[in-house]
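The following exercises are meant to be worked with the sequence and the model side by side. Each task is followed by a solution that proceeds step by step.

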Amino acid sequence: MKLGLNTAVISAAGAADAAARCLEGGGLVAFPTETVYGLGADATNARAVARLYEAKGRPAFNPLIAHVRDLEAAQRIARFDDRSLRLAEAFWPGPLTLVLSKANECPVSDLATAGLETIAVRVPAHPVAQEILRAFGKPVVAPSANISGHVSPTIAAHVLGDLDGRIDLIVDGGPVSVGVESTIVGCFETPMLLRPGGLPREDIERVLGEKLSRPPEEAAADESHPLAPGMLASHYAPRKAVRLNARDVKADEALLAFGPRMISGADKTHVMNLSEAGDLVEAAANLFGYLRELDAGGSRAIAVMTIPDEGLGEAINDRLRRAAVPRS
Ligand code: TXA
Ligand code: MG
């Protein structure tokens, strides 16, 4: 399989064997996880990982998450302590990624971990992802299946729009359920929230019995020493300007709304409401798809209403702040 050929899209039913064969041959396979669609490659095959970086146009310093079928498989690539074991047992399979020390015999290629001594590991819950991981039997690195810097894909059509001709296979499992990427926790001396995501911070802190710390701001901003480079300022990027905490809508703006109450000017423009009921879970699931639609529409810019910063709201606001960073 070569880059530049057409990308095949197949339905999820019975796709696991085809996906596993493609991965085995060094291919790139997009598949649904419960958070967003991932672009998978054989984590142990440096050539396949290199193709993956190339297909995404991704800076090579940005390390990838290794996806495995269960905790036992995770323990073959990473070292767990009491705390990380408790988190894995409480939340896997699910939208949680743990950054851990690499296991001694870790077969994941150094290119995938960008040469770090740590590795990000996740056990996805989506049944299609599970089937593929079981059929393949080895760790699969999978960043979100979009061109680097674009909004993460929540349906197969988003993947095709970004990566047609650049990857080998897309497994279409319909819309994902969570809609924002996994929460990333660094299991260091003090557990650290490296990226807010689909698992609310509060749930993690309850299981740990302690607060998660945040990495220092400068670590997040320094491109040469990424702690979780997904935290680089401008990452989730629509093309249009994005204005947060809008209390009204200007004439040339479309509106990304939240909740039952509308703001002034909303009746005169294109409005997409993340959740009329004010439900943050529904809002997370709609976020990236709605951003894409408003970005494709006729307005000059996108105004966004205020979204509460609790539960999944923390991840939603994190992604929106990145979307709003001015770009040249
Ligand atoms: O929900 C998700 O996590 C999705 C699905 C497909 O599983 N994947 C995803 O991958 O969001 P990606 O590559 O878009 O984001 C991975 C993040 C990046 O911010 C990366 O820098 C961070 O994980 N990361 C990976 N390895 C790391 C490490 N050893 N230390 C710190 N951060 C790491
Ligand atoms: Mg991504």
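**Exercise 1. Describe the overall build of the chain.**

Begin with the secondary structure: the chain has 10 helices and 15 strands, where helices (H or I, at least four residues) and strands (E, at least two) are DSSP runs numbered from the N terminus. Next, consider the radius of gyration, which is 19 Å and close to the 20 Å given by the globule rule for 328 residues, so the chain is as compact as a globular protein of that length; the radius is taken over C-alpha atoms, and the rule is 2.2 Å times the number of residues to the power 0.38. Along its principal axes, the C-alpha trace spans about 60 × 50 × 35 Å.

**Exercise 2. Decide how far the model can be relied on.**

This is a predicted model, in which local features need pLDDT of at least 70 and side-chain atom pairs count only at pLDDT 80 or more, while totals for chains, interfaces and linings use all residues. Side-chain values use heavy atoms, with hydrogens and water left out, and residues are numbered from 1 along each chain as its sequence is written. The average pLDDT (the predictor's confidence in each residue, from 0 to 100) is 90, and 91% of the residues score at least 70. Over residues 221-226, however, the pLDDT is below 50, and this stretch has four contacts beyond near neighbours in sequence, a contact meaning heavy atoms within 4.5 Å. Residues 229-234 also stay under 50, although the model has 22 contacts for them beyond four places in sequence.

**Exercise 3. Is Leu-280 buried or exposed, and which residues does Leu-280 touch?**

First locate the residue, which is found in helix 9 (residues 280-296). Leu-280 has 13% relative accessibility and therefore counts as buried, since buried means under 20% relative accessible area, exposed over 50%, and partly exposed in between (1.4 Å probe, protein chains only). Leaving aside residues up to four places away in sequence, Leu-280 touches Phe-258, Ile-307, Pro-308, Glu-310, Leu-312, Gly-313 and Ile-316.

**Exercise 4. Place His-126 and list what His-126 touches.**

His-126 lies in the loop between strand 7 (118-122) and helix 5 (127-136). Because its relative accessibility is 12%, His-126 counts as buried. Its contacts, not counting residues up to four places away in sequence, are Pro-32, Thr-33, Glu-34 and Gly-173. To set this residue in context, note that buried residues make up 57% of the 328 residues in the chain.

Conventions
Chains lettered and ligands numbered in written order.
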